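Reader: Could you walk me through this one before I set anything up? I would like to go topic by topic and ask as we go.

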There are 2 protein chains.
Amino acid sequence: MIRHADGLSIGQVSEATGLSVHALRFFEREGLFLRPIPRSAGGQRVYDPADVEWLLLCNRLRDSGMSIATLRRFAELVRSGPGNEHERLALLEEHERMVRARIAELEASLAVIHGKVVTYRRHLHDGTAAGLWAPAPS
Amino acid sequence: MIRHADGLSIGQVSEATGLSVHALRFFEREGLFLRPIPRSAGGQRVYDPADVEWLLLCNRLRDSGMSIATLRRFAELVRSGPGNEHERLALLEEHERMVRARIAELEASLAVIHGKVVTYRRHLHDGTAAGLWAPAPS
DNA sequence: GTAGAAACTAGAGTGCGCTCTAGATCAAGC
DNA sequence: GCTTGATCTAGAGCGCACTCTAGTTTCTAC
């Protein structure tokens, strides 16, 4: 078997990206790669470092809440080559807006939660019960 | 039927909290309320404003990523009355840590995504292709 | 050559958090 | 009384994103 430079097995890519081998096969079925992943003589996937780089970006997009469907749309745009950069930009800008909105939402919730934490700390420190939930609300 | 002051129907609570009536019944089955919700003579749920306030806090906790299971645990602690404030505080502090970690993760992803957006904008503005994903990665 | 690890496929199963269905009952306005 | 809309129960169904299974084949090391 010809193992050309930089050829990576699915296990190595799993290791490098944190995605399970199951997830990598799933991503491939879902059309999330930028190219068809080539196979060795025996039928095993042979990835290259660019695939790993792409997967690391995918991880960022997924972790920040992009759906598989949207990620597939982005992959399709990149796969179909130059000429659609406006669409790619629009997709990324839209996602950026979503992430910023999500952060703002989390910060608003955090303020409420932290307020509760402070209230409980005060209660435990000096024995007042103001602001705590009673077992049977009035 | 005696409609006592402040009695709210499930529809009104749905309106006030943004939770669907289905979700409100689901929450009840899941033990997320601080008390058994009383029923009218005809068997319909009668909520009061304290239930709505609790649900608004639940929304904050859920929106910030707390699972139903953890929320139930918190509800159980509050229901079981005074004496477990240390546990309630620990639960809230743990959740606060998780929210802060999530915000940090989102901000890290945001930096990457924004970097891509800037790259695409530059590309579209002056025609360079550096840093863009090619259709077939080298 | 052989043992054991790793990879293959197609497809079923899982966990979460609702969401919806069906068929019945209840409430409010005319 | 009648219609219309809200609510009731128990339980099935759904969308998402994997995750796992089963049975087979390939690869690596000795």
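**Contacts with the DNA and between the chains**

Author: A good place to begin is B:Arg25, where an N or O atom of the side chain is 2.8 Å from a phosphate oxygen of DNA strand D. Please keep in mind throughout that this is a predicted model.

Reader: Which residues come nearest to DNA strand D?

Author: There are 20 residues around DNA strand D, and those that come nearest are A:Arg62, B:Arg25, B:Arg39, B:Gln44 and B:Arg45. Of the atoms of DNA strand D that come within 4 Å of the protein, 77% belong to sugar and phosphate.

Reader: And which backbone atoms lie by a phosphate oxygen of that strand D?

Author: One of them belongs to B:Arg45, which has a backbone N or O atom 2.7 Å from a phosphate oxygen of DNA strand D. From chain A, a backbone N or O atom of A:Ile68 lies 3.5 Å from a phosphate oxygen of DNA strand D.

Reader: Which helix gives the largest share of the surface near strand D?

Author: That is H2(A), with four residues. Helix H2 (21-29) of chain A and helix H1 (10-17) of chain B each supply at least two residues of the surface near DNA strand D. By residue class, that surface divides into four nonpolar, 10 polar and six charged residues.

Reader: OK, over to strand C. Which residues come nearest there?

Author: Of the 18 residues around DNA strand C, the nearest are A:Gly11, A:Arg25, A:Gln44, A:Arg45 and B:Arg62. Sugar and phosphate make up 76% of the atoms of DNA strand C that come within 4 Å of the protein.

Reader: What distances to strand C do you have for A:Arg25 and A:Arg45?

Author: For A:Arg25, an N or O atom of the side chain is 2.7 Å from a phosphate oxygen of DNA strand C, while for A:Arg45 a polar backbone atom is 2.7 Å from a phosphate oxygen of DNA strand C. In chain B, the side chain of B:Gln44 has an N or O atom 3.4 Å from a sugar or linking oxygen of DNA strand C.

Reader: Which helix gives the most to the surface near strand C?

Author: H2(B) does, with three residues, and the residues of that surface divide into three nonpolar, 10 polar and five charged.

Reader: Switching topic: how are the two chains related? What rotation superposes B on A?

Author: A rotation of 180°, with 0.0 Å of shift along its axis, superposes chain B on chain A at an RMSD of 0.0 Å. This is therefore the relation of a two-fold axis. The residue of chain B that comes closest to the rotation axis is B:Ile103, whose C-alpha is at 3.0 Å. The copies meet through the same surface, because 100% of the interface residues of chain B are also interface residues in chain A.

Reader: What about the core, which residues have the most contacts inside it?

Author: The largest nonpolar core has 72 residues, and A:Trp54, A:Phe74 and B:Phe74 have the most contacts inside it. Setting aside neighbours within four places in sequence, A:Phe74 is in contact with several residues, including A:Trp54, A:Leu57, A:Arg88 and, from chain B, B:Tyr120.

Reader: Last one: is B:Asp51 buried or exposed?

Author: B:Asp51 counts as buried, because its relative accessibility is 2%, under the 20% cut-off. B:Asp51 is found in helix H3 (residues 49-63) of chain B, and its side chain reaches the backbone nitrogen of B:Asp48 at 2.8 Å. Beyond its neighbours within four places in sequence, B:Asp51 is in contact with B:Arg35 and B:Ile37.

How values were computed
Residues are numbered from 1 along each chain as its sequence is written. Chains are lettered from A and ligands numbered from 1 in the order in which they are written. This is a predicted model: local features need pLDDT of at least 70, side-chain atom pairs count only at pLDDT 80 or more; totals for chains, interfaces and linings use all residues. Side-chain values use heavy atoms; hydrogens and water are left out. A residue is near a molecule or strand if one of its heavy atoms lies within 4 Å of it. A polar contact is a pair of N or O atoms within 3.5 Å; within protein, one must be able to donate a hydrogen and the other to accept it, and residues adjacent in sequence count only if both atoms are side-chain atoms. Ala, Val, Leu, Ile, Met, Phe, Trp, Tyr, Cys and Pro count as nonpolar, Asp, Glu, Lys and Arg as charged, and the others, Gly among them, as polar. A nonpolar core is a set of buried Ala, Val, Leu, Ile, Met, Phe, Trp, Tyr and Cys residues joined through side-chain atoms within 4.5 Å. Buried means under 20% relative accessible area, exposed over 50%, partly exposed in between (1.4 Å probe, protein chains only). Contact means heavy atoms within 4.5 Å. Copies are superposed by least squares on the C-alpha atoms of residues with pLDDT of at least 70 in both.
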